[in-house]
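Visitor: I would like a close look at a single part of this model. Please take it step by step and keep it brisk.

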Amino acid sequence: MRYAGFPPDSPGASRRAERRGDGLRQQGRLIDVSLGGAAAVVESRPGGSQVEIGIAAQGYSARLLCDLVGSSQVGDETVIHLRFKDLTPPHQAFVRNLVAWLLETEERAS
């Protein structure tokens with residue numbers, strides 16, 4: 001599976017994670033993305049079982065529904081682990097292109 005870190009200072013990219021279901025929004029920061037899901041740092045673990053994330057990169061954007069599969073505490077940060085849910089073909093293409101772009105960005109940086 002292709003897996004890429006999401007650099008905090010990626011030019012031309014923005015990302016956020018927000019709760020879904022209870023109508024509350026919570027800002028977050030994506031830190032990892034794979035073809036199957038993502039990880040995000042958030043203020044606190046969402047209470048529901050689903051999270052919707054918004055990602056904008058390279059002139060494209062998408063809002064992706066995810067199942068919340070777990071969380072962990074890393075220092076004073078809460079990291080939630082997400083699995084993409086019911087991606088449409090355009091969303092699948094968006095994620096594939098995003099992961100490829102992130103891998104290229106990592107390779108150029110090293």
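Which backbone nitrogen does the side chain of S34 reach? Please go on from there to the surroundings.

Guide: This is a predicted model. The side chain of S34 reaches the backbone nitrogen of G36, at 3.2 Å. S34 lies in strand β3, which covers residues 28-34. Its relative accessible area is 6%. The cut-off for buried is under 20%, so S34 counts as buried.

Now follow the chain onward. A hairpin of two residues joins β3 to β4. The two strands run antiparallel, and five bridges join them. One pair to find on screen is V33 in β3 with A38, its bridge partner in β4.

Stay with β4, residues 37-42. Six of its six residues are buried, so the strand is largely enclosed by the rest of the structure. Why can both faces be checked separately? In a regular strand the side chains alternate between the two faces of the sheet. On one side of β4 sit G37, A39 and V41. On the other sit A38, A40 and V42. Both sets are buried, and both faces are covered.

β4 has another partner. It pairs with strand β7, residues 77-84, in the antiparallel sense. Six bridges make up that pairing. A38 appears again here: it stands opposite L82 in β7. So A38 has V33 as bridge partner on the β3 side, and L82 opposite it in β7.

Next, the nonpolar core. The largest one holds 24 residues. V33, I53, L64, F84 and L98 touch the most other members. V33 is thus both the bridge partner of A38 and one of these well-connected core residues. The elements that give two or more residues to the core are β3, β4, β5 (50-57), β6 (60-74), β7 and α1. Helix α1 gives the most, with seven residues.

Look at that helix. α1 covers residues 89-109, which is 21 residues. At 1.5 Å a residue, it should span 30 Å. Its end C-alpha atoms are 30 Å apart, so the length agrees. Its buried residues are F94, V95, L98, V99, A100, W101, L102, L103 and T105. L98 is also on the list of core residues that touch the most other members.

Two loops deserve a stop. D86 is in the loop between β7 and α1. Its phi is near 50°, a positive value in a residue other than glycine. Its relative accessible area is 66%. Exposed means over 50%, so D86 is exposed. Q58 is in the loop between β5 and β6. Q58 is not a glycine either, yet its phi is positive, at about 55°. With a relative accessible area of 43%, Q58 is partly exposed.

Finish in β5, where E52 is placed. At 17% relative accessibility, E52 counts as buried. A polar contact of 2.8 Å joins its side chain to that of R63.

To retrace the path, start at S34 and its 3.2 Å reach to the backbone nitrogen of G36. Cross the hairpin into β4. Step from A38 to L82 in β7. Then pass D86, in the loop between β7 and α1, to the helix that gives seven residues to the core.

Note on methods. Residues are numbered from 1 along each chain as its sequence is written. This is a predicted model: local features need pLDDT of at least 70, side-chain atom pairs count only at pLDDT 80 or more; totals for chains, interfaces and linings use all residues. Side-chain values use heavy atoms; hydrogens and water are left out. Helices (H or I, at least four residues) and strands (E, at least two) are DSSP runs, numbered from the N terminus. Buried means under 20% relative accessible area, exposed over 50%, partly exposed in between (1.4 Å probe, protein chains only). A polar contact is a pair of N or O atoms within 3.5 Å; within protein, one must be able to donate a hydrogen and the other to accept it, and residues adjacent in sequence count only if both atoms are side-chain atoms. Two strands pair if DSSP finds at least two bridges between them. The expected span of a helix is 1.5 Å times one less than its number of residues. A nonpolar core is a set of buried Ala, Val, Leu, Ile, Met, Phe, Trp, Tyr and Cys residues joined through side-chain atoms within 4.5 Å.
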